[in-house]
Amino acid sequence: MRNLALLVAPLLALIALAGACGGGGSPTPGSGDTDKPADVVALFAGPETARAILAAAKGLDGVQLYLLPSSAAGDGAFDQSALPGAEVRGVRPSFPDMPEFRERYAAAFTYPDPVFPGFREAYDAVYLAASAVLAAGTADPAVVRDNIGFVANPPGNAVIAGPTGFAAAVEALTGGSDVDFAGASGLFDLDSTGAASKATVETWTVLNGAVAPLEFRDVDLVAEIGARNPAGALMRPGEPKIALPVKIGAILSLSGSGQERGIAAHDAMQLAVEEINSAGGVYGQRIELLVKDDGSEASGAAGAAGALREAGVTAIIGPLDDAAAEAVAAAVPEDSAVPVLALSPSAALAAVNKPAFFRVTPSETIETVVLANLARDRELAVACVLYEDAEGPKQMAEAFRAAFEHKGGSVRKPVALADGADYSGIVAGCRGS
């Protein structure tokens, strides 16, 4: 079992609390489902399906709001003539501007720092792993794994990833004190399932057939849905003793279709390694980065994880790619000692709950809290949830249902959208017709 606040599936605890599912499965048919006509429809699908649903919904009376996740935004262009009279609101990830990190990155590399999920978290993950080694006093992966929550969550001295923050972390952790980690990706906590529980989300609407940004909303799952961020406890087997360099593994796409993102994330990780080593390393030992190229293939990522464990790494960071991260998660042994700090935001990973599998990039499921708020802010009370029949959209649907019910709304039985489905009939069914 997990001893600390590791990272995966930010909303599973709430889903269990709400009785919406059992053990991460599908919502129980008929359990709390309402038959009242919906006034809001939440679509968890890709852009083509979302647009087809909106077209099928044209002229449907009673639905006041259609909600779309970031996956439905596509290129941001909508067919205005196909939109119903109701408002369309959506969300997408936001990336904080951390000037100090940006300046250090720009000084090390000649191209601008990229903006995509997992980039800043790749840098942060190196510092998080190094801080856990400091707390553990050893490079033993199992002890490091069990100290991740201790350094990630409050209480403790606030430290921000970077040279200054790491110096503060060294002083606190070697002295036996706790720290509360933050990073270039912004505020950072891990919930009781091991998932990142804080994020900033941008909201948007459709104006003149295009996505029009509206506002930014901070999400803290503790405040929003009652999630838990356990403080953890210092797990130190004895006096600090590290005799060899600390090996941190990385699984990244350095070739193939994902290489542009993979190389950028590698650069960010290497920057963190160089900063830590320049500051004296961990108990006088250097950090070494062992990188495996997954070739932008999920099968390559799973094999890379096994090779890194055999190489004796203390922790593994990555992959970025959704399918690769899902493959690595499936291959992580239940009793694995080596923590994996995954960088993918894939909602499909919400079904994974293994002691050694962490996710430092906020999950797509966090978006559902903001979507639920957008509806409840307008006092809309009944939601119809439609989702493409795949693991990621299903997890999004379950998370939205849990959040919406937690905030006092009711949900009709969620509907999976099979290929060739009658969208007009399904949408009409949202109103009970």
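**A tour around strand β6**

Begin by selecting strand β6, residues 198-207, where seven of the ten residues are buried (under 20% relative accessible area with a 1.4 Å probe, counting protein chains only), so this strand is largely enclosed by the rest of the structure. Strands here are DSSP runs of E with at least two residues, helices are runs of H or I with at least four, and both are numbered from the N terminus. Before going on, note that this is a predicted model, in which local features need pLDDT of at least 70 and side-chain atom pairs count only at pLDDT 80 or more, while totals for chains, interfaces and linings use all residues. Residues are numbered from 1 along each chain as its sequence is written, and side-chain values use heavy atoms, with hydrogens and water left out.

Next, keep β6 in view and add strand β7, residues 210-220, which runs antiparallel to β6 and is joined to it by ten bridges; two strands are said to pair if DSSP finds at least two bridges between them. Along this pairing, select W204 and look across to P213 in β7, which stands opposite. The two strands form a hairpin with two residues between them, and in the turn you can pick out N208, whose phi is positive at about 55°.

Now add strand β3, residues 87-93, which is antiparallel to β6 and is joined to it by five bridges. Which residue of β6 does V91 stand opposite? Selecting V91 leads you to T203, and selecting R89 leads you in the same way to T205 of β6.

From β3, step on to strand β2, residues 65-68, which pairs with β3 over four bridges, this time in the parallel sense. Here L68 is the residue to select, with G90 of β3 standing opposite.

Finally, zoom out to the protein chain, which has 14 helices and 15 strands. Its radius of gyration, taken over C-alpha atoms, is 22 Å, close to the 22 Å that the globule rule (2.2 Å times the number of residues to the power 0.38) gives for 433 residues, so the chain is as compact as a globular protein of that length. Along the principal axes, the C-alpha atoms fill a box of roughly 70 × 45 × 35 Å. If you colour the chain by burial, buried residues make up 56% of the 433 residues. Of the contacts (heavy atoms within 4.5 Å) between residues at least 6 apart in sequence, 72% join residues at least 24 apart.

Note on methods: Buried means under 20% relative accessible area, exposed over 50%, partly exposed in between (1.4 Å probe, protein chains only).
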